[in-house]
Amino acid sequence: MDNPTLALVALLAVAFGGATLLAITRGRALDRLIGILDVGPAGDVDVAARAAVQARDSAVWAARGTNEDLAHIINLIGSGIVRLDDHLVVSLANEAADTFLGRGRGELNGLSAIEALGDHRIEAIATRARDVGWANGEVTRSSGQTLVVRVRRSPVEGFWMVMEDVSELRRLQRIRTEFIDNLSHELRTPLTNVRLLTESLARDLERIDLPSRVRDGILKIDVESGHLVQMVNELLDLSTIEQGTVPLHLDAVDVGAVVRGSIDRIRLFADRQGVPLEGAVPGDLPPVRGDEERLGQLLVNLLHNAVKFSGQGEPVVVRARRDRDAIVLSVEDHGVGIPRAEVDRVFERFYKVDKARVRGRGGTGLGLSIVRHIAETHGGRVWVESTEGRGSTFFVRLPIGETA
Ligand code: ADP
């Protein structure tokens, strides 16, 4: 669900709870006041008691009106919204929730979570939220419908569950992935042939005397065909990782060895750019449960970028440290940095910060999407801290996992 919807739901939760609480609290306080006044002398006290009763009634009416109004609003929201009490019994559901769960209007009220939700996976999300305060999940039902389910404890009482139908989005994502996959496969063979031919032509240039216009043309084709082959390979890589078709080869991975191996692979490129490379990994790090080759690919991508966006003499440092049940890897550079407004976007596929700046440095805009997917398939995450003109540090947090 998008942020405005979440914010609206949070607001509704607080407003509902607040109105109810207000009515109850005011009602109770006024009841006490009436109780006290009832035992007092007649006259003024009667007037005061009547005023108190009126005040209580109008508070209850105001709360009821607010509730009705809010119930009306939540029916306009396309996401399913269900309020569950502390025992996971439905106390309110909007029309979208009725539709998602195949119920008539109002039928969900009073049902337990398992009766109402009709799916043990959705119920499990609600139960987890009851135990720890929140839970999220994605469930594809036998009908083919895919729901993203989020449950949070209400600040007042019970829980709010929000269900979003993402079936169409997931279908389009599958089509996109399959399309890119097929296209890349078709392109790979002819492009690889072009690449091999231009490579050998470029080598021949040393021996054959050709007009400079022809030489320049061959060298440009050589460079551009290299980019095309790299892009097609990265696209295929990304779709393989996204689809999860090739399973991870999980093992106990020595992070220090992965860091050293990745530095070795980038060394030649870094030397050519005049960028010093350093690794700082303590010797006593525990192994992480992961796929050694994929983790190497992740680090090489980060190191490649760090070197590519650094100036001569600006060092790149790779670090690894333990943080509770995880290992945090970082790749720090002192290069061009990333403008604040673009920091969140660099992990999107094909995203390049300021294409003019990237020109001449090569790259497809896919490397960081691959990094993010590898981190996430290991149950980890990746993020970046950067100051434009000062440099960037990319972080990867990987859970240690069961390595025994
Ligand atoms: P590319 O192949 O273009 O490097 P990436 O997905 O690896 O694609 O990176 C996306 C964009 O993020 C890059 O084009 C660049 O603008 C920015 N970027 C990535 N790493 C760095 C870095 N270390 N310093 C500055 N900018 C970076």
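Me: Which element gives the most to the lining of the largest pocket?

Reply: Helix 9 does, with 10 residues; helices are DSSP runs of H or I with at least four residues, strands are runs of E with at least two, and both are numbered from the N terminus. This is a predicted model, in which local features need pLDDT of at least 70 and side-chain atom pairs count only at pLDDT 80 or more, while totals for chains, interfaces and linings use all residues. Residues are numbered from 1 along each chain as its sequence is written, and side-chain values use heavy atoms, without hydrogens and water.

Me: What is the volume of the largest pocket, and which residues lie nearest its centre?

Reply: The volume is about 1000 Å³, taken as the space filled by probe spheres set on grid points joined across faces, edges and corners. Of the 46 lining residues, E234, N301, H304, N305 and G367 lie nearest the centre. Helices 7 (212-243), 8, 9, 10 and 11 and strand 12 give two or more residues each to this lining.

Me: Where does the ligand sit?

Reply: The ligand sits in the largest pocket, which means that more than half of its atoms lie within 2 Å of the pocket's grid points.

Me: Why is the pair between N305 and the ligand called a polar contact?

Reply: An N or O atom in the N305 side chain is 2.7 Å from a ligand oxygen, and the cut-off for a pair of N or O atoms is within 3.5 Å, so the pair counts. K308 brings a polar side-chain atom to 2.9 Å from a ligand oxygen, and L368 does it with a backbone N or O atom at 2.8 Å. The protein covers 98% of the 530 Å² of accessible area that the ligand has on its own (Shrake-Rupley, 1.4 Å probe).

Me: Which element gives the most to the shell around the ligand?

Reply: Helix 9 again, with 3 residues. The shell divides into 11 nonpolar, 7 polar and 4 charged residues.

Me: What makes a cavity differ from a pocket, and how many cavities of 30 Å³ or more are found?

Reply: On a 1 Å grid over the protein atoms alone, a 1.4 Å probe fits in a cavity but cannot get out, whereas a pocket is an open set with protein on both sides within 12 Å along at least five of seven lines; lining residues have an atom within 4 Å of a point. The search finds 1 such cavity, and the volume of the largest is about 50 Å³. Its lining has 8 nonpolar residues, no polar and no charged, including V255, L295 and L398. Helix 8 (255-273) and helix 9 each supply at least two of the lining residues.

Key. A polar contact is a pair of N or O atoms within 3.5 Å; within protein, one must be able to donate a hydrogen and the other to accept it, and residues adjacent in sequence count only if both atoms are side-chain atoms. Ala, Val, Leu, Ile, Met, Phe, Trp, Tyr, Cys and Pro count as nonpolar, Asp, Glu, Lys and Arg as charged, and the others, Gly among them, as polar.
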